[in-house]
Structures are given as structure tokens and as C-alpha cells.
2 protein chains.
Amino acid sequence: MVVDDEKDILQIVKYNLELHGYEVETAENGVDAITKLGIFKPDLVLLDIMMPHKDGIQTCIEIRANPDFDDTIIIFLTALSDEKSEIRGLELGADDYIAKPIKPKLLVSRVHSAFRRITEDDSSVIIFPDLEINREKFLVVHKGKEVSLPRKEFELFSLLASKPGRVFLRNEILDKVWGNEVIVGDRTIDVHVRKIRQKLNADFISTVKGVGYKFQN
Amino acid sequence: MVVDDEKDILQIVKYNLELHGYEVETAENGVDAITKLGIFKPDLVLLDIMMPHKDGIQTCIEIRANPDFDDTIIIFLTALSDEKSEIRGLELGADDYIAKPIKPKLLVSRVHSAFRRITEDDSSVIIFPDLEINREKFLVVHKGKEVSLPRKEFELFSLLASKPGRVFLRNEILDKVWGNEVIVGDRTIDVHVRKIRQKLNADFISTVKGVGYKFQN
DNA sequence: ATACAACTTAACAATTTCGTAATCCCCAAA
DNA sequence: TTTGGGGATTACGAAATTGTTAAGTTGTAT
């Protein structure tokens with residue numbers, strides 16, 4: 001949902017976001033926004049600060065006060081002059097701000113990142129067809145069968161599975177599974193990968209030579 | 001790197017950024033800046049517009065003309081009166097601007113976001129019709145078909161594709177794909193190009209005789 | 001103490017990726 | 001037409017990276 005009192009801006013923003021596959025609703029002031037928020041339950045609100053009938057700051061406070069919208073992303077649209085507001089906005093629970101005049105590429109890129117951020121939830125259970133990784137129980141369920149992996153193997157596997165398809169560099173893996181201080185040989189990773197492949201006899205992990213490993217379902 | 005002819009400002013900016021863990025170098029005019037830029041290779045340049053010995057605008061143009069600094073963020077420091085310059089600055093490839101008088105909190109907050117932007121938006125996916133290059137997954141998708149290229153080939157290809165149309169000199173390619181230390185023969189590049197063309201049987205890479213290669217969609 | 005699982009490492013095998021040389025082609029200038 | 005300067009191809013050995021196995025290490029429950 002885009003909230004701004006200038007129709008030109010609503011139109012520009014709406015057009016550009018729709019071009020990238022987003023569904024966009026608009027509102028022309030804070031009061032309007034609050035009303036429509038309940039109806040459309042948007043994932044993200046682009047909120048102008050200077051508006052008649054309840055400004056952006058006030059609107060933001062009200063949105064944040066309602067637990068129903070805890071997961072709603074708020075991004076401020078700020079005119080050059082509202083310097084203080086920008087900072088204040090971030091303190092009030094906004095997630096980002098975009099300076100006017102709006103540059104379409106930047107707008108889209110910011111919105112993308114905002115969504116990316118919330119999608120990267122480290123929910124404790126990662127689910128795929130035939131495979132479920134439960135971080136809390138330290139358990140992998142593969143085709144209905146529980147497989148329990150030792151700590152390092154589990155951490156390595158769940159790291160890879162946390163972003164299917166994405167290649168993790170060996171260094172990255174060492175950092176995240178072993179930590180920065182510990183120094184282990186290079187073959188260590190391979191050996192763990194081997195054991196995982198062996199225990200879930202299905203090749204979820206694929207090698208990218210010279211780069212690292214990735215999870216591939 | 002902070003560039004400004006007023007020492008007071010250099011000091012204020014330096015102090016505040018160092019307080020937040022940034023490493024700060026200073027320069028007092030455009031000429032000085034260009035020189036030091038080559039030495040320190042800063043991630044971000046805060047550039048005053050009104051300066052003797054080459055103003056900020058001119059300096060910005062020169063920085064942007066050098067591919068070595070493609071990834072360098074430029075933020076202008078503008079006196080309130082240079083409104084027109086601000087807009088012009090953004091058109092010249094600056095990433096943001098901060099109005100003087102400088103307010104420390106705002107300064108730091110802008111610098112933070114600028115860094116956040118490059119780390120996040122370093123859009124790991126380059127998209128063209130029928131072609132998608134996913135740096136994160138180390139994967140090229142051509143007409144819906146996944147093609148996985150070996151490391152050097154991938155890096156070479158994604159380098160070229162990162163700036164469609166721009167010609168990369170052979171030297172430049174060697175630098176960016178192989179690194180400065182490694183020395184390999186000239187024919188090596190050709191061979192890799194060949195393999196890429198072969199694997200994506202479509203000619204995305206075009207040769208510029210006596211100069212280098214470029215990506216052409 | 002003993003047994004055992006988890007983790008590392010070493011050593012060697014198996015692959016894949018790289019770099020180069022040799023040769024072929026193309027095109028433009030002479 | 002010739003000729004010469006790139007560039008394109010090809011094939012192959014060297015180098016780099018992984019896979020695999022087995023043998024230590026360490027820590028912990030029995």
C-alpha cells in the first residue's frame with residue numbers, strides 16, 4: 001500500500017511496483033490508510049511523511065501499536081527537507097526510508113530487499129517434499145523416516161538447506177558452522193558432506209567445484 | 001574518504017564516522033581527492049560540491065569515468081543553496097547527497113544505509129529476456145534451461161554481463177577474473193569465451209577485434 | 001576403565017577445470 | 001591475390017579440487 005497525498009506520486013509508485021509483479025493499493029492520507037489497512041492487509045506500506053489528515057509519523061505509530069500489523073513492513077517516503085523525520089521514523093519502527101524525488105530503480109530495489117528480509121525467516125523448521133529439517137529437535141525427517149545427524153553434520157546441512165540453491169563458499173561454511181576461531185583442514189567439510197549424503201541416501205547436496213556446496217532439492 | 005575544503009567540516013565528519021567504526025581519510029580538494037582515491041581505494045566518498053581546484057561535480061565525473069571505482073559510493077555534501085547541483089549530482093552517478101549544515105546523526109545514518117544498500121542490492125541476479133545469471137546460485141538459466149558453468153567461465157561471463165554493451169579490454173578481464181598476480185597467456189581468454197559460447201549455444205559475447213569482448217543481448 | 005560416538009586428519013583416488021600449444025580461419029590492407 | 005594480424009578451435013597434459021577410506025583424537029556415558 002502506498003500512502004501519499006500527491007496523486008502523481010501514487011501513480012508513479014504504483015506503476016513501477018506493478019511492473020514488477022506487486023499488487024498495489026493506494027491511500028491519500030493517514031486516516032484513509034488506517035482504514036484500508038484493515039481491509040487489504042498489505043505486506044508493506046510506503047508512507048509519505050508530510051500529509052494532511054494525519055501525517056506519516058503519526059500513522060506509523062498507530063500501525064505499530066496494533067499487533068495485527070507486527071509483520072507489516074513500513075518504509076517512509078521522505079522529502080529532502082524532513083531530515084529529522086527520517087531518523088525519527090526509523091526509531092518508530094519503520095524499516096527503511098526512501099528519499100524523494102523517487103528514483104524508480106531504487107524504489108523497486110528497496111522494496112525487493114525489504115521483502116527479502118522478511119522472507120528470510122529462520123523458522124526452526126525447514127520443510128521440503130519428503131524432507132523436513134527441524135532445528136529445534138535437531139532432527140531430519142526423510143521420507144517419513146527420522147534421521148538424527150550429529151551436531152556438525154546437522155548444522156552444515158541445515159545451513160545449506162536454509163537457502164536452497166544458493167552456493168555457500170567453503171569459507172562461509174567454515175565461518176558459520178565452525179566459527180571464526182576454529183581452524184580445521186579443508187577436507188573436513190568434504191568428509192561431513194560425505195557422511196550426510198551417506199546417511200540420507202539421496203543427494204541433496206551438490207558440489208560446485210572451486211566454489212562450495214549448495215542444497216538442491 | 002571525505003573531501004571538503006573546510007577543515008572544520010573534514011574534522012567533524014571524520015570524528016563522527018570514526019566514532020562509528022569507519023576508517024576515514026580526508027582530502028581538501030578535487031585534485032587531492034583523485035590522487036588519494038587511487039591510493040586508499042575507499043568504499044565511499046563524501047564529496048563537497050563547492051571547492052577550489054576542481055569542484056565536486058567535476059570530481060564526481062572523473063571518478064565515474066574510471067571503471068576501477070565503479071563500486072565506489074559517492075555522496076555529495078551540498079550547501080542548501082545548491083539545489084540545482086543536487087539534482088545534477090544524482091544524474092552524474094552519485095548515490096545520495098547530504099545537505100549542509102551537517103547533522104552528525106543524519107550523516108551517520110545515511111552512510112550506514114549507503115553501505116547497507118551495496119551489500120544487499122549487489123543484485124546477485126542479472127536478468128535479461130531468456131537469460132538469467134544468478135551469482136548466488138552460480139547458475140545461468142538460458143531459455144528456461146539451467147546451465148552450470150565452471151568457475152572461470154562463470155566469472156568471465158558474469159563480468160561481461162554486468163555491463164551489457166560495454167567492452168572489456170583483455171587486460172581488464174585478466175585483472176578481474178584472474179587477479180593481478182596470476183599471469184596467463186592471452187589465448188586463455190579466447191578459449192574460455194569459446195566454451196561459454198558453446199555451452200549456451202547462442203552468441204551473447206561479441207568480439208571487438210584488437211580491443212576485447214562485450215556482452216550483447 | 002571401557003566403549004562408543006563425534007570429529008579431524010592424513011593419504012590416496014577420482015574428477016574437473018585450466019592453460020597452452022598448434023593449427024585453422026577470417027578479414028582487411030597492400 | 002597475397003599477406004599478416006588477430007581471433008577461433010581443438011586436443012591434451014598439468015594443476016587444482018573433491019571424494020573416499022581408514023586411522024587417530026577427544027569427550028562422554030556406561
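1. A salt-bridge network comes first. In this predicted model, B:R170, B:D186, B:R187 and B:D190 are linked by salt bridges into a network. Over all chains, the whole structure holds 19 salt bridges.

2. Chain A has a salt bridge between A:D190 and A:R170, at 2.5 Å from N to O. This pair joins distant parts of the chain. A:D190 sits in helix 8 of chain A and A:R170 in helix 7 (residues 170-178), 20 residues apart. A:D190 is buried, at a relative accessible area of 17%.

3. Chain B offers another link of this kind. The side chains of B:K199 and B:E153 form a salt bridge, 3.0 Å from N to O. Here helix 8 of chain B, which carries B:K199, is tied to helix 6 of chain B, which carries B:E153. The two residues are 46 apart, and the pair links distant parts of the chain. B:K199 is partly exposed, with a relative accessible area of 37%. B:E153 is buried, at 5% relative accessibility.

4. A salt bridge within one helix is also present. A:K36 pairs with A:D32, and their closest N and O atoms are 3.6 Å apart. Both belong to helix 2 (residues 30-40) of chain A; they are 4 residues apart, so about one helical turn separates them. A:K36 is partly exposed at 24% relative accessibility. A:D32 is partly exposed too, at 22%.

5. Now DNA strand C. It is surrounded by 22 residues, and the closest are A:P150, A:W178, A:G185, A:K209 and B:G185. Of the strand C atoms within 4 Å of the protein, 76% belong to sugar and phosphate. A polar backbone atom of A:G185 is 2.7 Å from a phosphate oxygen of this strand. For B:G185, a backbone N or O atom lies 2.6 Å from a phosphate oxygen of strand C. Helix 6 (151-162) and helix 8 of chain A, with helix 6 and helix 8 of chain B, each give two or more residues to the nearby surface. Helix 8 of chain A has the largest share, 5 residues. By class, this surface has 8 nonpolar, 6 polar and 8 charged residues.

6. DNA strand D has 21 residues around it; A:T207, A:Y213, B:R194, B:T207 and B:Y213 are the closest. Sugar or phosphate supplies 70% of the strand D atoms within 4 Å of the protein, and bases supply the rest. A polar side-chain atom of B:R194 is 2.8 Å from a phosphate oxygen of strand D. A polar backbone atom of B:G210 is 2.9 Å from a phosphate oxygen of this strand. Helix 8 (187-199) of chain A and helix 8 (187-199) of chain B each supply at least two residues of the surface. That surface has 5 nonpolar, 4 polar and 12 charged residues.

7. A:K209 deserves a look. Its side chain has a polar atom 2.8 Å from a base oxygen of DNA strand C. An N or O atom in the side chain of A:K209 is also 2.8 Å from a base oxygen of DNA strand D.

8. Last, the cores. The largest nonpolar core has 30 residues, and B:L131, B:V140, B:F157, B:L160, B:I173 and B:F215 touch the most other members. Helix 6 of chain B gives the largest share, 6 residues. Beyond its neighbours in sequence, B:F215 contacts residues including B:F128, B:L131, B:F157 and B:F204. A second, separate core of 26 residues includes A:L156, A:F157, A:I173 and A:L200.

Conventions:
Residues numbered from 1 in each chain as written. Chains lettered and ligands numbered in written order. Predicted model: local features only at pLDDT ≥ 70, side-chain atom pairs only at ≥ 80, totals over all residues. Heavy atoms only, no water. Near = heavy atom within 4 Å. Polar contact = N/O pair within 3.5 Å; in protein donor to acceptor, adjacent residues only side chain to side chain. Nonpolar A, V, L, I, M, F, W, Y, C, P; charged D, E, K, R; others polar. Core = buried A, V, L, I, M, F, W, Y, C linked by side-chain atoms within 4.5 Å. Buried < 20%, exposed > 50% of the residue type's maximum accessible area, 1.4 Å probe, protein only. Contact = heavy atoms within 4.5 Å. Salt bridge = Lys/Arg side-chain N within 4 Å of Asp/Glu carboxyl O. Lists of a residue's contacts leave out its neighbours within four places in sequence.
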